[in-house]
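Please open the model in a viewer and display it as a cartoon. The tour below proceeds from selection to selection.

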Amino acid sequence: MSYFWSHFSYAITIFLMVAGLYIVIARGNLIKKLVGLGVFQTSVYMLYIAPGKLIGGTAPIVDAGFKVYSNPLPHVLILTAIVVGVAT
């Protein structure tokens, strides 16, 4: 059971992807399809952000006291995607 809880964000991401894809495919209304695309887009954001943060990781500033660093690139990519989505 601890394996599930350690990968809970991936389970939520997969659920949102499936739900968004189902809404896009099963609904005929254009507004509902746009909502489904929004849900799907949010799940892709979560898929990129989830591996970017490590437990106990710090900002990537090189120092002798830190051994584990978090990767800032996924957060930057998602921030750019959100800004492009809002501008669109």
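Begin by selecting helix α3 together with helix α4 (residues 73–87), whose axes come within 9 Å of each other and cross at roughly 160°. That angle makes α3 roughly antiparallel to α4, where angles over 145 degrees count as roughly antiparallel, under 35 as roughly parallel, 65 to 115 as roughly perpendicular and the rest as oblique. The crossing of α3 and α4 is left-handed, a term for a near helix turned anticlockwise from the far one by less than a right angle, with clockwise giving right-handed. Axes here are lines fitted to C-alpha atoms, for helices over the stretch in contact, and angles run from 0 to 180 degrees between N-to-C directions. Helices are DSSP runs (H or I, at least four residues), numbered from the N terminus.

This is a predicted model, in which local features need pLDDT of at least 70 and side-chain atom pairs count only at pLDDT 80 or more, while totals for chains, interfaces and linings use all residues. Residues are numbered from 1 along each chain as its sequence is written, and side-chain values use heavy atoms, with hydrogens and water left out.

Within α4, select Pro74. Pro74 counts as buried because its relative accessibility is 11%; buried means under 20% relative accessible area, exposed over 50%, and partly exposed in between (1.4 Å probe, protein chains only). Add Met46 to the selection: its C-alpha atom is separated from that of Pro74 by 9.9 Å, and the two residues are 28 apart along the chain.

Next, add helix α2 (residues 8–26), whose axis comes within 8 Å of that of α3 and crosses it at roughly 160°. The pair α2 and α3 is therefore roughly antiparallel, and its crossing is left-handed.

Move now to the loop between α3 and α4, and select Gly57. Is Gly57 buried or exposed? Gly57 counts as buried, at 12% relative accessibility. A C-alpha to C-alpha distance drawn from Gly57 to His7 reads 17 Å, for residues 50 apart in sequence.

Val62 lies in the loop between α3 and α4 as well. With a relative accessible area of 79%, Val62 is exposed. The C-alpha atoms of Val62 and Ser6 are separated by 28 Å, with these positions 56 residues apart along the chain.

Finish on α3 (residues 30–49), where Leu30 lies. Leu30 is exposed, at a relative accessible area of 59%. Ile31, in helix α3, is likewise exposed, at 55%. From Ile31 to Asp63 the C-alpha to C-alpha distance is 51 Å, at 32 residues apart in sequence. Show the surface of Leu30, Ile31, Leu34, Val35 and Leu37, which form a nonpolar patch with about 500 Å² of accessible area together.

Conventions: Patches are made of residues with over 30% relative accessible area and no salt bridge: like charges are joined within 9 Å, nonpolar side chains (Val, Leu, Ile, Met, Phe, Trp, Tyr) within 5 Å. Accessible areas come from the Shrake-Rupley method with a 1.4 Å probe; for residues, only the protein chains shown count as cover. A salt bridge is a side-chain nitrogen of Lys or Arg within 4 Å of a carboxyl oxygen of Asp or Glu. Helices (H or I, at least four residues) and strands (E, at least two) are DSSP runs, numbered from the N terminus.
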